[in-house]
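Colleague: I am new to this structure and would be grateful for a close look at one part of it. Could you please describe the second largest pocket, and then add what is known of other spaces and of helix packing?

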Amino acid sequence: MTLSTASGGPVGLRAALRQRLIVTVDTLGLEPVGPEEPDAEIVQRLALHAKRVPESSIAWLLFIALSASFPTADDLAELRRSLDLATEGGTMIAALGATLPAASRSDRLGSTMRVESGSIVVDVNFCATHEHNTGIQRVVRQTIPRWLADGHELALIAWTPDGEAMRDLDAVELDRVLHWDDRQHPDPDAGPAVGSIVVPWKSNVFLPEVPLDRLCAPLAALAESSGNRVSLIGYDAIPLVSAESQRAAESQRFANYLSLVKHSDAIFGISESAAGEFSGFVSTLPAQGLSGPAVTNVPLAVGVPGTQATASPAKVAGRDEIVPLVVCIGSHEPRKNQDAVLHAAHTLFRQGQKFRMVFVGGGDRSNLHSFDKRVRKLRASGYDVSSRRKVTDSELWGLYREARFSVFVSLHEGFGLPVAESLALGTPALTSNYGSLAEIAEGGGCVTVDPRSDDQVIAGMRKLLTDDKLVAKLRAQAAGRRPRGWDDYARELWTAAALDRELP
């Protein structure tokens with residue numbers, strides 16, 4: 001298991017450059033550098049080799065050695081064109097000139113370089129650097145520790161703060177990824193100590209996250225030109241397929257992400273629906289002369305505490321009757337359709353239905369502002385509705401268990417974790433009748449509706465509030481489902497990804 005933490009600091013610029021050049025020479029299997037060989041002659045040798053051997057990976061590695069930065073496709077094209085046009089005697093100047101813009105903006109010219117050759121390199125940048133733990137982060141923090149526990153050798157990496165190069169994780173970052181539920185380093189504000197940059201070579205590079213926008217270009221060049229095999233988890237194509245529900249910036253970010261996807265080797269969808277969306281994108285790539293990644297469906301897991309008897313509905317102060325709880329879990333954004341659920345609750349309140357409606361989830365401030373305003377207005381009218389932002393996992397599981405049913409009628413999902421979690425805890429769900437949510441509902445425990453129909457959402461909630469026999473039937477169906485656990489997912493993903501196979 002490779003779990004290096006960042007250590008050491010920058011060395012002298014010339015010493016660091018020489019170290020990177022020597023590592024590059026050794027990696028390419030060229031004649032070893034002599035103790036007295038000038039740096040200029042090493043650069044000339046490497047540049048000449050990159051000019052003579054038409055393998056993009058050589059130029060990619062040379063670019064990193066000279067600039068301490070990972071190239072984009074445009075960076076690499078400029079280097080290769082400069083070498084092509086240079087005389088053999090002028091290759092050093094051509095190489096230095098082409099990499100100068102990247103080197104001049106780099107804060108890491110004093111950094112040494114470590115090559116991960118024939119390794120399994122896993123990019124966990126966001127999970128390592130952020131105190132955030134919703135859908136994607138939960139997948140990473142549940143899967144990677146299980147792979148390590150199974151004895152698989154992994155090199156976990158993040159990126160330098162400017163997004164220019166891969167690096168090792170420090171102890172706090174490793175803690176965020178591997179011990180989220182049992183933190184050993186409680187100081188989340190400690191910044192990374194960037195030591196050596198890390199360069200994968202003839203390795204399997206796995207991306208379990210959706211990269212930050214600024215990382216998509218260097219990762220796309222890595223996938224296309226470095227000679228590494230790149231595979232990734234495909235969560236959804238919502239910013240492309242449902243662009244009308246997204247901010248323009250999010251759709252543009254996803255377009256940049258697809259430049260990485262199309263040069264990757266494999267993508268593992270978290271549901272049949274997600275795999276189908278990525279397969280549709282891949283089917284368009286032959287028009288660009290590309291075959292695109294192989295797409296495989298590896299359904300996502302559900303991680304909840306051991307199922308327990310559902311909590312009894314609570315009495316509300318000042319009332320003798322039992323008042324059922326209805327929960328709606330999910331981040332607030334237009335496609336999650338919370339406005340339709342709030343409208344349905346308001347309608348049912350006015351019709352005399354007695355229940356408590358609790359929304360749980362954060363989101364963009366502009367979305368939350370209008371939603372919270374409507375919730376406050378309903379509360380002022382005497383209706384029992386509330387919206388909660390941050391809850392602990394134990395509070396979340398408690399809400400699921402206490403609820404008569406949950407509601408998650410999203411317009412578009414890659415998977416639908418709130419429905420799967422609700423069912424795993426024995427609580428029926430009202431959900432959408434298409435896509436990945438319909439896939440989950442097929443196993444029982446759900447009522448499905450067209451989420452675009454307010455009338456169907458209202459009718460579905462009314463039925464679940466008034467039909468005790470139906471609720472009992474759905475609870476029995478939910479109890480009979482075998483939740484797909486994280487052990488299942490981690491094992492099946494590892495088998496499908498075949499990350500331990502050697503590159504040809």
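**The second largest pocket**

Modeller: In this predicted model, the second largest pocket encloses about 350 Å³ of space. Its lining is made up of 20 residues, and those closest to the centre of the pocket are Phe415, Glu439, Ile440, Arg481 and Arg484. Two or more lining residues come from each of helix H16 (417–424) and helix H17 (435–441). Sorted by class, the lining of this pocket comprises ten nonpolar, six charged and four polar residues.

Enclosed space may be considered next. The structure contains one cavity of 30 Å³ or more. For the largest cavity, the volume is about 50 Å³. The residues that line the largest cavity are Asp123, Asn125 and Phe126, together with Leu207, Glu209, Val210, Pro211, Leu212 and Leu215. In this lining, six residues are nonpolar, two are charged and one is polar.

As for helix packing, two packed helices are described by the distance between their axes and by the angle between them. The axes of helix H13 (residues 338–350) and helix H14 (residues 365–380) come within 11 Å and cross at roughly 10°. Because angles under 35 degrees count as roughly parallel, H13 is roughly parallel to H14. On the H13 side, the contact is formed by Gln338, Asp339, Leu342, His343 and His346, while H14 contributes Phe371, Arg374, Val375 and Leu378. The residues of this contact between H13 and H14 comprise four nonpolar, three polar and two charged.

Note on methods: Residues are numbered from 1 along each chain as its sequence is written. This is a predicted model: local features need pLDDT of at least 70, side-chain atom pairs count only at pLDDT 80 or more; totals for chains, interfaces and linings use all residues. Side-chain values use heavy atoms; hydrogens and water are left out. On a 1 Å grid over the protein atoms alone, a cavity is a set of points where a 1.4 Å probe fits but cannot get out, and a pocket is an open set with protein on both sides within 12 Å along at least five of seven lines; lining residues have an atom within 4 Å of a point. Grid points are joined across faces, edges and corners, and a volume is the space filled by probe spheres set on the points. Helices (H or I, at least four residues) and strands (E, at least two) are DSSP runs, numbered from the N terminus. Ala, Val, Leu, Ile, Met, Phe, Trp, Tyr, Cys and Pro count as nonpolar, Asp, Glu, Lys and Arg as charged, and the others, Gly among them, as polar. Axes are lines fitted to C-alpha atoms, for helices over the stretch in contact, and angles run from 0 to 180 degrees between N-to-C directions. Angles under 35 degrees count as roughly parallel, over 145 as roughly antiparallel, 65 to 115 as roughly perpendicular and the rest as oblique. Contact means heavy atoms within 4.5 Å.
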